[in-house]
Amino acid sequence: MSNAAVTAVASSRATAAGKSALARLGEAFVGRLVILIPYLWLVFFFLIPFVIVFKISLSQTAIAIPPYTPVLGFGDGLAGFFAQLNELSIDNYTWLTQDALYVNAYVTSVIVAAISTVLTLLVGYPIAYGMARAPAMLRPTLLMLVILPFWTSFLIRVYAWIGILKPEGLLNQLLLATGVISQPLIILNTYTAIFIGIVYSYLPFMVLPLYSSLEKMDYSLIEAAKDLGCPSTSAFWKITFPLSLPGVIAGCLLVFIPAVGEFVIPDLLGGSQTLMIGKTLWNEFFANRDWPVSSAVAVILLLLLIVPIMLFQRAQARAQEQDR
């Protein structure tokens, strides 16, 4: 082979090696960018706002704009910045533990959210089970019907329940016309109305994960259990329900977590006497203009929800392991 041919072959190999190295670098950059974007999203839209709210929760109320002190800044240099840091305190958190109003609001919110979650599970499980056992050609339609309420404003849907549940509303008119009751029921502005509103509003969040788990289940296991003499009820509790536990856990957490801090439903359907942490937070922030206390309420609420969020993440990890 001539020297020119050898040189051409070496040059082509070097060019290919260079292109492959650039390709590897490009793939590595794209891979890291894909991983980096979610972290940047969390930093800018979760971590930084949380740090700001936490800082405000350590401040003191003031008649100013913004309505708290100190407002951290470097106008007085680094020494002035550290002097402002020394003014921060945990007095607002101490105040929350001493005032029974906030403790009762947290406890009531957790109880209401827990009861609503159980009710949503009792309503959503049969719906998800029926969807999973329906013919394959009907499942997309049933899935669309579950998602359909999301096409309407959440606020409008909650307002509609006022017209249904009020003493002269549609529900009482129907019950009076059929002779079931002789006097209108007082449902609006009670905790019963809150339960109805939460179950209705968050039902899709329960049905969708349940359907995802039940739809992937091997129903030949049920047939095998019945062939071996296992009753349908026992087969459900020994096979179907355990296999659907990842969906149950995911659905319960998707309902419980937002229900704890719910504001719109308790405010519109529960009335002014309803004591939940979402309404308490709104009153402190907008009515009392007490940003530090309201920020402390929000920080404690977030910490209160960290445990369910961690459980949800573990449930997702287990479900992914099972899929593998």
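User: In this predicted model, is Arg 289 buried, partly exposed or exposed?

Analyst: Arg 289 is found in the loop between α13 (277–287) and α14 (291–323). Its relative accessibility is 43%. Buried means under 20% and exposed means over 50%, so Arg 289 counts as partly exposed.

User: What is the phi of Arg 289?

Analyst: Most residues other than glycine have a negative phi. Arg 289, a residue other than glycine, has a positive value. Its phi is near 55 degrees.

User: Which residue in the loop between α7 (170–177) and α8 (191–215) is found there with a phi near 65 degrees?

Analyst: The residue is not glycine, although its phi is positive. At 47% relative accessibility, this residue counts as partly exposed. The residue is Asn 189.

User: Which residue does a cis peptide bond join to Thr 69?

Analyst: Most peptide bonds are trans. In the bond that follows Thr 69, omega is about 0 degrees, and the bond is cis. The partner is found in the loop between β2 (68–69) and α2 (77–85). That partner is Pro 70.

User: Which element gives the most residues to the largest nonpolar core?

Analyst: The core holds 55 residues, and among those that touch the most other members are Ile 198, Leu 210 and Ile 265. The leading element gives 11 residues to this core. That element is α8.

User: Which residues does Ile 265 touch, not counting residues up to four places away in sequence?

Analyst: Ile 265 is one of the core residues that touch the most other members. With residues up to four places away in sequence left out, Ile 265 touches Phe 154, Val 158, Ile 194, Gly 197, Ile 198, Ser 201, Tyr 202 and Gly 270.

Terms used:
Residues are numbered from 1 along each chain as its sequence is written. This is a predicted model: local features need pLDDT of at least 70, side-chain atom pairs count only at pLDDT 80 or more; totals for chains, interfaces and linings use all residues. Side-chain values use heavy atoms; hydrogens and water are left out. Helices (H or I, at least four residues) and strands (E, at least two) are DSSP runs, numbered from the N terminus. Buried means under 20% relative accessible area, exposed over 50%, partly exposed in between (1.4 Å probe, protein chains only). A nonpolar core is a set of buried Ala, Val, Leu, Ile, Met, Phe, Trp, Tyr and Cys residues joined through side-chain atoms within 4.5 Å. Contact means heavy atoms within 4.5 Å.
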